[in-house]
Amino acid sequence: MWLAALTIVVAACLYLYFDTHKPKKFPPGPKWVPILGCANEIYKLREKTGYLYKAVRELSLAHSKDGTLLGLRIGKDRIVMVNSLEANKEMLLNEDFDGRPKGIFYQTRTWGKRRGVLLTDGELWKEQRRFLLRHLKEFGFGRRGMEDIARLEASHMVHDVFEIVGQNGGKSAVIQMHNFFNVYILNTLWTMMAGIRYKPCDPQMKVLQSLLFDLFAAIDMVGALFSHFPILSIVAPTLSGYKDFVGTHKRIWKFLREELERHKERFDPSQEDRDFMDVYIRVLKNKGEVDTYSEGQLVAMCMDMFMAGTETTSKSMSFCFSYLVREEAVQKKAQEEIDRIVGKDRRPSLEDRPNMPYNEAILHECVRHFMGRTFGVPHRAVRDTWLAGYFIPEDTMVLSNFTNFLMDEVMFPDPYSFRPERFLSEGKLSLPEDFFPFGLGKHRCLGDVLGKCNIFIFTTTMLQRFSFLPVPGEPLPSLVHVDGATPSAAPFTALVIPREL
Ligand code: HEM
């Protein structure tokens with residue numbers, strides 16, 4: 001009896017002792033305490049600074065001599081923050097880092113199995129990414145049809161703004177801008193995926209928006225409390241966020257499943273496919289659920305496209321407009337170029353892009369402001385490997401710290417100001433070689449063409465028709481952004497005035 005107790009105590013002590021040991025040559029970082037790792041330190045710094053990226057910066061300054069990498073452990077998860085530009089290029093282009101994290105968090109979001117395209121790896125990811133890209137093209141993705149969809153949405157947006165202005169006496173209106181673009185961006189994607197567009201006031205759109213809001217509120221780029229400490233999902237499901245996480249995912253699952261059922265009911269094999277869901281249903285009808293193809297996978301892909309494609313674009317745009325309201329001179333230059341190249345009798349199109357370097361530069365500056373305040377999608381080392389001279393054990397989560405290079409003072413002087421000119425040289429667009437806000441390598445963003453198309457069309461169409469000014473008597477839009485899984489511009493309003501054309 002005594003011997004058994006002693007053995008348990010010794011085993012526990014040994015476990016706790018080894019639990020604080022870092023692998024040899026692991027990137028520098030704070031000390032690990034048993035079970036927690038350095039969770040407490042990160043949590044406190046995040047509370048103090050208000051932002052995850054600031055907490056990472058403070059820890060990097062304190063622990064990492066050259067600042068290249070920062071090695072952390074939160075609960076069971078080893079996490080490496082990749083700070084420098086060179087190390088990021090090395091990491092993103094090395095197949096040893098082509099994994100996505102595994103574990104309860106990544107399985108629960110797709111109903112117990114790893115599915116989808118955003119947070120998967122291996123054969124499933126390769127095959128489904130290829131399939132998605134190939135077939136979305138049939139519905140315009142990366143082609144002319146994509147532009148038509150974006151232009152249609154932009155004209156709905158203009159119409160809706162005129163309506164608000166009309167209700168307000170016809171001269172101007174004060175409009176909440178920070179989430180104004182969400183609906184229209186969502187529509188461009190959902191049109192291709194499921195052939196559906198919603199009006200902003202549509203109850204289904206409201207459901208979808210609130211679902212996406214909850215989805216993002218429940219996570220951040222390094223996971224959630226229950227993913228680092230899985231035991232909490234059983235002993236403290238509410239406190240650890242597990243219950244809400246499951247609840248939100250059940251609701252989105254239901255929403256997408258219902259749409260899938262409607263598609264299946266009206267599916268006619270003799271008719272041409274109308275959207276991506278139809279294509280996928282055809283494959284399932286012809287072959288059944290084989291290999292990586294299943295209804296669950298289709299639903300997971302739809303969810304991933306929402307997560308990866310909507311917030312990124314609409315939040316980039318809200319950063320853009322928060323700056324445009326502050327910087328009237330930038331807005332005027334953009335409008336001058338639009339008036340000169342597009343005029344007033346037609347709407348901007350993608351063909352105008354090469355002739356509109358200033359507006360094109362605005363698009364890149366707005367993506368820089370968005371990605372420059374966040375981390376990339378997490379990667380995972382698929383085997384023991386090395387990065388920037390440090391040892392990275394298999395299954396370590398590895399995260400690109402985009403803030404470090406997109407907000408770097410040397411690459412982008414005065415980085416927090418909005419200066420499209422930084423992307424221009426002798427009046428032409430000139431992007432730095434090392435500017436990759438959409439990532440690099442095999443996991444590079446698959447929606448960058450759509451993202452850029454939407455931002456260009458939406459921004460130029462809005463600026464062609466309206467000016468966005470500070471609301472008299474109210475403070476300018478704040479430059480202090482809101483932290484989260486993806487960063488948001490702080491809520492702001494603009495005085496929107498139709499332009500005399
Ligand atoms: C301003 C807009 C956008 C930005 C800044 C952006 C940025 C990124 C970044 C940095 C990654 C991670 C790359 C990596 O893991 O190494 C990514 C991945 C991804 N993005 Fe985007 N994105 C945008 C728009 C979109 C859109 C519109 C879609 C969908 C149509 C989309 C779909 C995806 C998907 C599916 C992935 C995962 C790719 C993979 O793992 O193979 N993104 N994006």
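Here, Ala, Val, Leu, Ile, Met, Phe, Trp, Tyr, Cys and Pro count as nonpolar, Asp, Glu, Lys and Arg as charged, and the others, Gly among them, as polar. The structure is a predicted model, so local features need pLDDT of at least 70 and side-chain atom pairs count only at pLDDT 80 or more, while totals for chains, interfaces and linings use all residues. Residues are numbered from 1 along each chain as its sequence is written.

**Exercise 1. Sort the shell around the ligand into nonpolar, polar and charged residues, and find which helix supplies the largest share.**

Step 1. A residue is near a molecule if its C-beta atom, placed from the backbone, lies within 6 Å of it. By that test, 27 residues surround the ligand, and the closest are Gly309, Gly439, Cys445, Gly447 and Gly451.

Step 2. Now sort them: 15 are nonpolar, nine polar and three charged.

Step 3. Helices (H or I, at least four residues) and strands (E, at least two) are DSSP runs, numbered from the N terminus. Helix 14 (295-326), helix 16 (357-371) and helix 18 (448-465) each give the shell at least two residues. The largest share, seven residues, comes from helix 14.

**Exercise 2. Work out which side of helix 2 is buried and what the buried residues pack against.**

Step 1. Call a residue buried if 20 or more other C-beta atoms lie within 10 Å of its own, exposed if 12 or fewer, and partly exposed in between, with C-beta atoms placed from the backbone. In helix 2 (residues 39-49), the buried residues are Glu41, Ile42 and Leu45.

Step 2. These buried residues cover an arc of only 95° around the axis (taken from the directions from the helix axis to the C-beta atoms), which puts them on the same side of helix 2. An α-helix has 3.6 residues a turn, so residues three or four places apart point the same way.

Step 3. Flip to the other side of helix 2 and you find Asn40, Lys44 and Glu47, which are exposed.

Step 4. Two residues are in contact if their C-beta atoms, placed from the backbone, lie within 7 Å. The buried residues of helix 2 pack against helix 3 (52-63) and strand 1. After helix 2 comes Gly50, with a positive phi near 85°.

**Exercise 3. Trace the open sheet through strand 2 and its partners.**

Step 1. Two strands pair if DSSP finds at least two bridges between them. The open sheet has four strands in the order 1-2-7-4, with mixed pairing. Strand 1 (69-74) and strand 4 (379-380) are the edge strands, each pairing on one side only.

Step 2. Strand 1 pairs with strand 2 (residues 77-82) in the antiparallel sense, over six bridges. Leu69 has Val82 as its bridge partner in strand 2, and Leu72 has Ile79. The two strands form a hairpin with two residues between them, and Gly75 in the turn has a positive phi of about 55°.

Step 3. Strand 2 and strand 7 (residues 397-400) pair in the parallel sense over four bridges. Here Val80 stands opposite Val398 in strand 7.

Step 4. Look at both faces of strand 2: Asp77, Ile79 and Met81 point one way, Arg78, Val80 and Val82 the other way, and all are buried.

**Exercise 4. Describe the overall build of the protein.**

Step 1. The protein has 18 helices and 11 strands.

Step 2. Buried residues make up 42% of its 501 residues.
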